[in-house]
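Q: I am new to this structure and would like a close look at a single part of it. Could you take me through the loop that carries a buried threonine, and then show what lies around it and elsewhere in the chain?

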Amino acid sequence: MFFPESHVKIWLYAKPTDMRRSFTGLAAMAKNIIGESPLSGHLFVFINRRQTQIKILYFDRSGFCIWAKRLEEGRFNYNKSAGDKMPLSWTELKLIIEGIDLKNTRQRKRYNHPQAPWCWYNPPHEIDDRQAFNAHKQH
């Protein structure tokens, strides 16, 4: 399994996709139909007509990658009436892959803390943040 970074967007193409398509065909769909750059590093999710196969196309630093899964039993459940392009969260993608119907799930309200400029689990990236981090460390 792959683990995308938190800033990566996930796009589901909600119409059926021919699973014979590979890197070039799926990248062309991402660019021409979904309207996003396939080189962006975002994830592009494609599901076949019978909803038994899923392919996820993404570009890492050195080339295109495809993650694929074929179900031996059951179907991938998702909102087919969402139009051509549907944004997904990482949690929604995991639910689709695990076979959990998104229509019958309920997301409870959660606090979403904005990312702090520095903290022990998010090391500083800019000079000002480093100075603040070092000053905090000295106290």
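A: What follows is a walk through one loop and then through some other places in the chain.

The model is a predicted one, and the part to look at is the loop between β1 (10-13) and α1 (23-34), where Thr 17 has its place. Thr 17 has a relative accessible area of 5%, and because buried means under 20%, this residue counts as buried. Leaving aside its neighbours within four places in sequence, Thr 17 is in contact with Leu 26, Met 29, Phe 46, Ile 47, Asn 48 and Arg 49. Of these partners, Leu 26 and Met 29 carry numbers that fall within α1 (23-34), while Phe 46 and Ile 47 carry numbers that fall within β2 (43-47).

The loop that holds Thr 17 also holds Lys 15, which forms a salt bridge with Asp 84, the closest N and O atoms being 3.1 Å apart. This pair links distant parts of the chain, since Asp 84 sits in the loop between β4 (64-70) and β5 (85-88), and the two residues are 69 residues apart. Both ends of the bridge are partly exposed, with a relative accessibility of 41% for Lys 15 and of 31% for Asp 84.

A further salt bridge joins Arg 20 to Asp 18, and here the closest N and O atoms are 2.8 Å apart. Arg 20 is exposed, at 74% relative accessibility, whereas Asp 18 is partly exposed, with a relative accessible area of 35%.

Beyond this region, the structure holds four salt bridges in total, and one of them is formed by the side chains of Glu 72 and Arg 70, which meet at 2.8 Å, N to O. Glu 72 and Arg 70 are both exposed.

Another loop, the one between β2 (43-47) and β3 (53-59), contains Gln 51. Like Thr 17, which is buried, Gln 51 counts as buried, in its case at 9% relative accessibility. The backbone of Gln 51 deserves a separate remark, for it has a positive phi of about 60° although it is not a glycine. Most residues other than glycine have a negative phi.

Technical notes
Residues are numbered from 1 along each chain as its sequence is written. This is a predicted model: local features need pLDDT of at least 70, side-chain atom pairs count only at pLDDT 80 or more; totals for chains, interfaces and linings use all residues. Side-chain values use heavy atoms; hydrogens and water are left out. Helices (H or I, at least four residues) and strands (E, at least two) are DSSP runs, numbered from the N terminus. Buried means under 20% relative accessible area, exposed over 50%, partly exposed in between (1.4 Å probe, protein chains only). Contact means heavy atoms within 4.5 Å.
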